[in-house]
Amino acid sequence: MLASVRSRMLTRAPVPLPAMRQRVVKPTVSIMQTQHRQHHKPARLDSFKKLSKIDIEHFKSIVPAETVLATTEVGGTADTIELEGFNADWLNKYRGNSQLVLKPKTTKEVSAILKYCNEQRIAVVPQGGNTGLVGGSVPVHDEVVLSLRNMNRVRSYDEVSGVLVCDAGCVLEELDNYVAERGHIMPLDLGAKGSCHIGGNVATNAGGIRFLRYGSLHGSVLGLEVVLPDGTILDNLSTLRKDNTGYDLKQLFIGSEGTLGVITGVSVVTPRRPSAINVAVLGVSSYENVQQAFKLARQRCGEILSAYEFWDSNCMRAVLHHQSLKSPLETEYPFYVLVETSGSEKAHDDEKLTALLEELLEQEIVEDGALAQDDTQISRMWMMREGIPESLGKTGPTYKYDVSMPIPVLYDIVKDIAQRLEKVDLYKPDQSSGPVKLVCGYGHIGDSNLHLNVVAEKFEDRVTNVFEPYVYEWVASHRGSISAEHGVGLMKRDYLGYSKSPEMISYMKRIKNMFDPHHILNPYKVV
């Protein structure tokens, strides 16, 4: 039996899947409208000024008129529908009512805009690709949207050190293509790479599927150019790997979600692009075996292991259905694992991965698997993992929780939430209808990061109240984080105490007050 499974796994090409990795696609308006959910919305602060025609004219003196998108309500000519994409997040869970979008092209223009807004007490929300999931990149009320999409230049690239300096509005996928032509790779990769901006990635300290190999942006980002709320330009666009001269201020802005300053430029080190990449998808019978397979993968392939992703059978069914895919495995399994190795010597890497797969089978840690035979199949396999968020969104309105906890208990919360919903007759796992259609989990084992998803018929309090704030209490009881990589935004602001002590939150607020005493920048978010 082992020989036949081994033979199939090492030689059989996966069933053909669509050839390209997909970008995150914003749902259609009809889908988005069904997903609207009432959430806690802080009252508008009276200290913020309401826009007038005078303000619009002043902004036109700073940036070209064609980069000012203002509605008739504030003296402009745009229809409110033109601002729809700036006012709502991509799931339409969070929606603001901004009447003005500014699209500067230079750091000096950003500086002049913020200086005026600070003086006039006009609230501003910085916005990149608007692919966030916690309400951090859209207005809460009528804040001015400061869109960085026109700031999209590569400023410099050092082919010796691999250091890239670029505008904050550069799209991640385009940067990855740019450095790929020069033999390098961006140190992060996200499902939303075709839309998200590098400035937004840094502002949220985005993680993604390359975190296991290249680590956090706190290590990859060498320097930042940031415009403070009063218009001061903080030029720290260092390209040095070593700089031990005092406080490393850039670290404050990585993960600050646009609450301390607006990132306008980024200096990031890009690793050499691997010349040999292997990917396998494995079928696993239990979460315990998912862990054991990861442990063995690190032991046998540690220096070339670049990704270790897992998802459950509910995720697999959704992605196969909505992406019109066929599983590369012949049987359905409770869990699936994607293993990727990246190195510079194909023969060496092939040998190590083959040995790993043989050992996993011999020890009955893995039941079956498929090994990609070429680059096209590698891309197709990654689609099965990266297509999960979009597929769940097509299944129904989705509650999304991005948490990190110790690996041994990581998946327990999925089972716990499913059981709680079953007990109150909101979820029946063997049925696809009902108030809750699906409870599932996927994520990055190597980073202790789980994406818990509850797909419902609609957003409603009787469903929400079953697991909020219970999810955060559960995470806190295991000394985990309520936000592993998505940030805090508006969604988790009131739950920050589950991950941060009162003393830490107090000092976070003091830092905010120091940089932004009038709280004009991305108000109502984070703290």
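Strand 2 (residues 100–102) and strand 4 (residues 144–147) run parallel and are joined by two bridges. In this pair, V101 has V145 of strand 4 as its bridge partner. Keep in mind as you look around that this is a predicted model. The pair belongs to an open sheet of four strands with mixed pairing, and an open sheet of seven strands pairs antiparallel.

**The four-stranded sheet**
- Reading across this sheet, the strand order is 1-2-4-3.
- Strand 1 (68–70) and strand 3 (124–127) sit at the edges, each pairing on one side only.
- From one strand to the next, the twist averages 20 degrees.

**Helices on the four-stranded sheet**
- Helix 3 (residues 53–62) lies across strand 1 and strand 2, and runs at about 165 degrees to strand 1.
- Helix 5 (residues 107–120) packs on the sheet and touches strand 2, strand 3 and strand 4; its direction makes about 165 degrees with that of strand 4.

**The seven-stranded sheet**
- Here the strands follow the order 13-10-12-11-15-16-14.
- Its edge strands, each paired on one side only, are strand 13 (368–371) and strand 14 (398–404).
- Neighbouring strands are turned against each other by 15 degrees on average, with direction ignored.

**Strands 10 and 12, and the helix on this sheet**
- Strand 10 (residues 276–284) and strand 12 (residues 335–343) run antiparallel, joined by nine bridges.
- Opposite L282 you will find V337, in strand 12.
- Helix 11 (residues 287–301) packs on the sheet, where it touches strand 10, strand 11 (305–312) and strand 12.
- The direction of helix 11 makes about 175 degrees with that of strand 11.

Terms used. Residues are numbered from 1 along each chain as its sequence is written. This is a predicted model: local features need pLDDT of at least 70, side-chain atom pairs count only at pLDDT 80 or more; totals for chains, interfaces and linings use all residues. Side-chain values use heavy atoms; hydrogens and water are left out. Two strands pair if DSSP finds at least two bridges between them. Axes are lines fitted to C-alpha atoms, for helices over the stretch in contact, and angles run from 0 to 180 degrees between N-to-C directions. Contact means heavy atoms within 4.5 Å.
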